[in-house]
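Dear colleague,

Please find below the structure that I am handing over to you. My findings follow it, and I would be grateful if you read them with the model open.

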Amino acid sequence: MNALVQRFRTLPRAARWAVFAGAVLVAYFVVVEPVIDRINTTSSRADDRESALITLAKDPIGAQSSEVALGVRKFGAVELPGDPEVRSVAFNRRVVEVLSKHRIRNDTSTTRTMPLGNGPLKSAYSEEERIDRLVREVQFSATPEELAAVIADLESSPEVAAVSRVQLRRGDNQDTAARQLKVTLAVETWVVNRRGGRAR
């Protein structure tokens, strides 16, 4: 290293300036230019996302991709997590309405609350808020056609966030003759709770 420094010092003044200018150019193209490119790329992406968010705020459905828009048309819109008391009443009422519409009888159900896993929805809320899944498990007998109609109606209901589980079993001989299946459906909605017990 010392030898290089000594050699540099023995160079004529013009040669030293040329070496210095070359070092500056190399530093610019190796360090500064890539950083500027990265900043420009990041800035461009941020502008694109800002524009997409503004468009989405003005027209929530029309601004979405064709796949998402198709999903909304097929399955209906899903409401964002709501107040636990209000949402649970609306959710249970909707499940009962759908089952009654298709004349589903002998249904039994249980309801439980579980925390929602990590994901984009959870990260959209503050640390003081907790997103919970209110899951209602319904058991009933139905034909394959009735079951398909029930699932379609539940999926298209805004109060229903998901039909998260479908379990089918064959019934006894009498049920088999009537094409009846033993069905267990897990249907869920999402609610927002304040950490510490108070609902949002």
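A helix here is a DSSP run of H or I that is at least four residues long, and helices are numbered from the N terminus. In this sense, Val35 belongs to helix α2, which covers residues 13-58. Please keep in mind throughout that the model is a predicted one.

**A nonpolar patch on the surface**

Val35 is one of the residues of a nonpolar patch on the surface, together with Leu25, Val26, Tyr28, Phe29, Val30, Val31, Val32, Ile36 and Ile39. Their accessible area adds up to about 900 Å². Is Val35 itself buried, partly exposed or exposed? Its relative accessibility is 43%, and because partly exposed covers the range between 20% and 50%, Val35 counts as partly exposed.

**Helix α4**

The next element to find is helix α4, which consists of residues 84-101. With 18 residues at 1.5 Å a residue, α4 should span 26 Å. The C-alpha atoms at its ends are 25 Å apart, which agrees with that expectation.

Which residues of α4 are buried? They are Pro84, Arg87, Ser88, Phe91, Val95, Val98 and Leu99. These residues cover an arc of only 100° around the axis, and therefore they lie on the same side of α4. The face turned away from that buried side carries Glu85, Val86 and Lys101, which are exposed.

**Salt bridges**

As a general point, side chains of opposite charge can pair when their charged atoms come close. The structure contains eight salt bridges, and three of their pairs are described here.

Within α4, the side chains of Glu97 and Arg94 meet in a salt bridge, with 3.8 Å from N to O. The two residues are three residues apart in the helix, which is about one turn. Glu97 is partly exposed at 41% relative accessibility, and Arg94 is also partly exposed, at 26%.

Arg94 has a further partner in Glu159, and the closest N and O atoms of this salt bridge are 3.0 Å apart. This pair links distant parts of the chain: Arg94 is in helix α4, whereas Glu159 sits in the loop between α6 (144-155) and β3 (162-170), 65 residues apart. Glu159 has a relative accessibility of 12%, and it counts as buried because that value is under 20%. Arg94, Glu97 and Glu159 are thus linked in a network of salt bridges.

The third pair joins Arg133 and Glu188, whose side chains meet at 2.6 Å, N to O. Here, too, distant parts of the chain are linked, since Arg133 is in strand β2 and Glu188 in strand β4, 55 residues apart. Glu188 is buried, with a relative accessible area of 3%.

**The paired strands**

The strands that hold this last pair may be traced through their partners. Strand β2 (residues 129-142) is mostly covered, as 11 of its 14 residues are buried. Strand β1 (residues 108-115) runs antiparallel to β2, and eight bridges join the two. At one position Met114 stands opposite Arg133 in β2, and Arg133 is the residue that forms the salt bridge with Glu188.

How many bridges join β2 to β4? There are 14, and these two strands run antiparallel. Among the facing residues are Ala142 and Leu181 in β4; likewise, Glu137 has Ala186 in β4 as its bridge partner.

Strand β4 also pairs with β3: eight bridges join them, and they run antiparallel. Val163 stands opposite Val187 in β4. Of the 14 residues of β4, 11 are buried, so this strand is largely enclosed by the rest of the structure. When you look at these strands, please recall that in a regular strand the side chains alternate between the two faces of the sheet.

**The loop before β4**

Finally, Ala178 is found in the loop between α7 (173-177) and β4 (181-194). Ala178 has a relative accessible area of 41% and is partly exposed. Its C-alpha atom is separated by 7.9 Å from that of Thr143, although the two residues are 35 residues apart along the chain.

With kind regards

Key:
Residues numbered from 1 in each chain as written. Predicted model: local features only at pLDDT ≥ 70, side-chain atom pairs only at ≥ 80, totals over all residues. Heavy atoms only, no water. Buried < 20%, exposed > 50% of the residue type's maximum accessible area, 1.4 Å probe, protein only. Pairing = 2+ DSSP bridges. Patch = residues over 30% accessible without salt bridge, like charges linked within 9 Å, V, L, I, M, F, W, Y side chains within 5 Å. Areas by Shrake-Rupley, 256 points an atom, 1.4 Å probe, with all protein chains shown as cover. Salt bridge = Lys/Arg side-chain N within 4 Å of Asp/Glu carboxyl O. Expected span 1.5 Å × (residues − 1). Arc of directions from axis to C-beta.
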